Every structure is written in C-alpha cells, then in structure tokens.
Amino acid sequence: MVDHAEQAERARRFLELHHGERPLLLPNPWDQGSARLLASLGFQALATTSSGHAATLGRLDGSVTREEALAHAELIAATTELPVSADLENCFAHEPEGVADTLRLALRAGLAGCSVEDYSGRADDPIYDAGLAAERVAAAAEAAHGGPVHLVLTARAENYLHGREDLADTIARLQAFQEAGADALYAPGLSRLEDIRQVVTSVDRPVNVLALPTAPSIQELAAIGVARVSVGGAFAFAALGAVVEAARELQDQGTYSFWKRAATGRKAVGPAFGA
C-alpha cells in the first residue's frame, strides 16, 4: 500500500534536488539489488532505465509493456527510501489520454517522478509532431500535478537519439514542453557543451543531461547551469560487460582475475543489503 504522505514528501524532495548548488547525479538501477547498492553509495535519488530493465528480461529496449514497466518501477520505489523516477518511454500511448492514464498508474506505483518522450516508436516517423508532442506533455502534467502528490514530470525531446540533430527544433520542443507543465527537461544525445548551454539558457526549467562518453564533465556541466545528470542504461551494461569479460577470461585463458572485481562487489553488498 502506497503511503501518499510519504510519496508526496519524496516527490517534493526530488523536485528540490533539481535546484541545488551542483547537478543532481541520478544513477539508473536496473533491479532491486542495484537500487539498494546505489542508495548505499550516497546518491540522493534514483531513476529506472528502460533498456536496463529490458536487459534483465533478456529483451531489447522498447519491448517492455506498460504493466511490466510500472511493476518494475513500483518494486524499485519500494526498495529504497530515496525518491525514484521512472523511465516510462512514450508512456505506452500515442494519444494524450493514454499518456494521462499511464501517469495516473505511475502515481499509484509510489513514484516521485517519471518521464514522457516524444519518440513514437515508429521507424518511419520516429518523432511525434510538435503540436501532438506538447499536447501529450500537457496531459501528462495535468495527471501528474492534479492530486496531493506532485509527481515530478520530465519531458524528453528525442531528436538526437533518432538521427534528427536539429538543435533549434529540440529547443523549441523543450520550450513547448515547459509551457505544457513539465517540471524538468531532457534532450538525450546532446554532447557538445555549447549546444547544452544553449538549451539551458533557452528554458526556465531544470535540464537533465545524459552522461555519454563524449559528454562534458560534471564540473563543466555544473558551470553552465545543468541541474541533473543521469546515466541511462550505462551502469546496467557496464555490469553486463564485466560478466562478458569474466566469462571470456574463464573460457579463453582459464584464469580467475575476475575475482578481484567480484570481491569489490561482494564487499559492497554487505552494507547495502543490510548485513
């Protein structure tokens, strides 16, 4: 049973964390164990990852259902006392009312926040029309903010992840999402410091940046006013990458140096899991 007073407090705290002196570092756990581990390392909030969650099911990103995504997010939120935001992709709906339905379900899951994308999921037309995209955000905001819990809504402009490197259109979309009621704004795929600076100075909401290999450092992002930095599926795939490296060492070399890294993980889970 969701404690709505506690949920409202987590949501309030989550929004407040977007206005600190330094960017909020928002790691993305992919299961309950990784959520507890990251919480134990001192992070102040968490966010789910659609690609990382899909990987735990042996699937690719974009293949998880709304029911699965919300059940997963609810488990993560119940695992920790930290505010948790959910990656809900395009909210599993094309039309605004369907988006609002997903937001209402997200509130019932005990979350502090969630996101909505303008990616349609269609290979032939991957980004929603700008007008429809803004309507979808408005419907999400109305559902997110209409009750006792102010669910922190992050609106995402997905151009740069889908071959549309149009900064002017991306900024225009984020401005429209701001006007539609979003609490935070996010254009994943941006990596040039000057482009990110233009986004930050063009809107009046906290801006999230994805920690890509080519992205500026946290210090550089802080200097231009970025409010939040998340890692997407990177931590989940880093963990899977470690498994691949360990398995290849065992198969190809017949040695066990992977135990060094395993020892670090084993030591960390003691305090994280309550030992």
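A disulfide, for what I'm about to show, is a pair of cysteine sulfur atoms within 2.5 Å. Keep in mind that this is a predicted model. With that cut-off, a search of the whole structure turns up zero disulfides.

So let's look at two of the cysteines. Take Cys 91: the closest cysteine sulfur to its own belongs to Cys 114, and the gap is 5.7 Å, so that's too far for a bond. Go from the other end and you land on the same pair, because the closest cysteine sulfur to that of Cys 114 is the one in Cys 91, again at 5.7 Å. Are they buried or exposed? Cys 91 has 0% relative accessibility, so it counts as buried. Cys 114 is buried as well, with a relative accessible area of 0%.

Staying with Cys 91 for a moment, you'll find it in the loop between S3 and H5. Its backbone is worth a look. Most residues other than glycine have a negative phi. Cys 91 isn't a glycine, yet its phi is positive, near 65 degrees. Glu 89 sits in that loop too, between strand S3 (84-86) and H5. Glu 89 also has a positive phi, about 50 degrees, and again we're not talking about a glycine. For a glutamate you might like to know the exposure: the relative accessibility of Glu 89 is 13%, so it counts as buried.

Now back to Cys 114, this time through one of its contacts. Val 152, in strand S5 (residues 152-156), touches Cys 114, and its other contacts include Ala 112, Gly 113 and Asp 183. On another side of the sequence, Val 152 also touches Ala 11, Phe 14, Leu 15 and His 18, among others. Leu 15 is 137 residues away from Val 152 in sequence, but their C-alphas are 6.4 Å apart in space. Val 152 has 0% relative accessibility, so it counts as buried.

Last stop, the helices. After that loop comes H5, residues 96-108, and its partner here is H6, residues 130-145. Their axes come within 8 Å and cross at roughly 30 degrees, so the two count as roughly parallel. The crossing is right-handed. What kinds of residues make up the contact? By class there are ten nonpolar, three charged and no polar ones. On the H5 side you have Pro 96, Val 99, Ala 100, Leu 103, Arg 104 and Leu 107. Facing them from H6 are Leu 132, Glu 135 and Arg 136, plus Ala 139, Ala 140, Ala 143 and Ala 144.

That's my tour, thanks.

Conventions
Residues are numbered from 1 along each chain as its sequence is written. This is a predicted model: local features need pLDDT of at least 70, side-chain atom pairs count only at pLDDT 80 or more; totals for chains, interfaces and linings use all residues. Side-chain values use heavy atoms; hydrogens and water are left out. Helices (H or I, at least four residues) and strands (E, at least two) are DSSP runs, numbered from the N terminus. Buried means under 20% relative accessible area, exposed over 50%, partly exposed in between (1.4 Å probe, protein chains only). Contact means heavy atoms within 4.5 Å. Axes are lines fitted to C-alpha atoms, for helices over the stretch in contact, and angles run from 0 to 180 degrees between N-to-C directions. Angles under 35 degrees count as roughly parallel, over 145 as roughly antiparallel, 65 to 115 as roughly perpendicular and the rest as oblique. A crossing is left-handed if the near helix is turned anticlockwise from the far one by less than a right angle, and right-handed if clockwise. Ala, Val, Leu, Ile, Met, Phe, Trp, Tyr, Cys and Pro count as nonpolar, Asp, Glu, Lys and Arg as charged, and the others, Gly among them, as polar. Lists of a residue's contacts leave out its neighbours within four places in sequence.
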